[in-house]
Amino acid sequence: MGTYYNKETHPDQIYFLNDKSEKMLSEVQPELAEVVRRAVAISDIDIQVLHGKRTRQQQVEFFKKGVSPKATSTHMYGHAVDLGIFIEDRLCFELELYDELALNMKYASEDLYTPIRWGGAWCLDTITGYQGLISDLQNYYIDMCREQGQRPQLDVQHFELTVA
């Protein structure tokens, strides 16, 4: 792996997936892996895969520790990835960066005709084709949860295939 986008074929590309990220992508659905690779290629931020396919045991452990809201997940079927943004080798968690990541995943999913759902706005089945600002979409989701008396489940690093 690692040859989908590379310095020889895409000299303007700034960042590339590391070997660990490529290994995780090799275990998820090929359509999802291609969207991630495309997002990395068009991005000016360093995106790496934090998690791909999970075993049932891993998912249950994540649930027990409160890392995941459910004991089952699309990760278990290779339909989801968690992506992280790195600045100078530091994993960053600032929401504004993840708006940029979501935008890159949106563009990549449109380029490849592959609908993607984002954990930063669960109210929308796919961000593919969404016309507004990503931050507005997330705020809408948060407001909608509050109106229903629910706590928003923000998982801004999570992206999954959708049937939308």
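## Helix packing and buried residues in a predicted model

The axes of helix α4 (residues 95-111) and helix α5 (residues 134-147) come within 9 Å and cross at roughly 110 degrees. The two helices, α4 and α5, are therefore roughly perpendicular to each other. The structure described here is a predicted model. In this model the crossing in which α4 passes α5 is right-handed. On the α4 side, the residues that meet α5 are L95, D99, A102 and L103, and their partners in α5 are I134, S135 and Q138.

Helix α4 also packs against α2, and here the angle is about 120 degrees, with the axes 8 Å apart. That makes α2 oblique to α4, because an angle counts as roughly perpendicular from 65 to 115 degrees. The crossing of α2 past α4 is right-handed. From α2, the residues V35, V36, R38, A39 and I42 take part, and they meet N104, M105, Y107, A108, S109 and D111 in α4.

Which helix holds R37? R37 lies in helix α2, which covers residues 30-42. R37 counts as buried because its relative accessibility is 5%, and buried means under 20%. The side chain of R37 makes a polar contact with the side chain of E34, at 2.8 Å. A further polar contact, also given as 2.8 Å, links the side chain of R37 with the side chain of E22. E22 is placed in helix α1, residues 19-25, so this side-chain pair joins a residue of α1 to a residue of α2. With a relative accessibility of 8%, E22 counts as buried.

Another buried residue, S68, sits outside the helices named so far, in the loop between α3 (56-64) and β2 (80-87). The relative accessible area of S68 is 11%, and that is why S68 is classed as buried. Leaving aside residues up to four places away in sequence, S68 touches Q59, F62 and F63. With Q59 there is also a polar contact between the two side chains, at 2.7 Å. In addition, the side chain of S68 reaches the backbone oxygen of K70 at 3.2 Å. How far apart in space are S68 and Q153, C-alpha to C-alpha? The distance is 9.6 Å, although 85 residues separate S68 and Q153 in sequence.

The cysteines can be taken next. How many disulfides does the model have? The count comes to zero. For C145, the reason lies in the distance to the closest cysteine sulfur, which belongs to C123: the gap is 7.5 Å, too far for a bond, because a disulfide needs two cysteine sulfur atoms within 2.5 Å. C145 is buried, with a relative accessibility of 4%. C92 also counts as buried, at 1% relative accessibility.

The table collects the buried residues discussed above.

| Residue | Relative accessibility |
|---|---|
| C92 | 1% |
| C145 | 4% |
| R37 | 5% |
| E22 | 8% |
| S68 | 11% |

How values were computed:
Residues are numbered from 1 along each chain as its sequence is written. This is a predicted model: local features need pLDDT of at least 70, side-chain atom pairs count only at pLDDT 80 or more; totals for chains, interfaces and linings use all residues. Side-chain values use heavy atoms; hydrogens and water are left out. Helices (H or I, at least four residues) and strands (E, at least two) are DSSP runs, numbered from the N terminus. Buried means under 20% relative accessible area, exposed over 50%, partly exposed in between (1.4 Å probe, protein chains only). A polar contact is a pair of N or O atoms within 3.5 Å; within protein, one must be able to donate a hydrogen and the other to accept it, and residues adjacent in sequence count only if both atoms are side-chain atoms. Axes are lines fitted to C-alpha atoms, for helices over the stretch in contact, and angles run from 0 to 180 degrees between N-to-C directions. Angles under 35 degrees count as roughly parallel, over 145 as roughly antiparallel, 65 to 115 as roughly perpendicular and the rest as oblique. A crossing is left-handed if the near helix is turned anticlockwise from the far one by less than a right angle, and right-handed if clockwise. Contact means heavy atoms within 4.5 Å.
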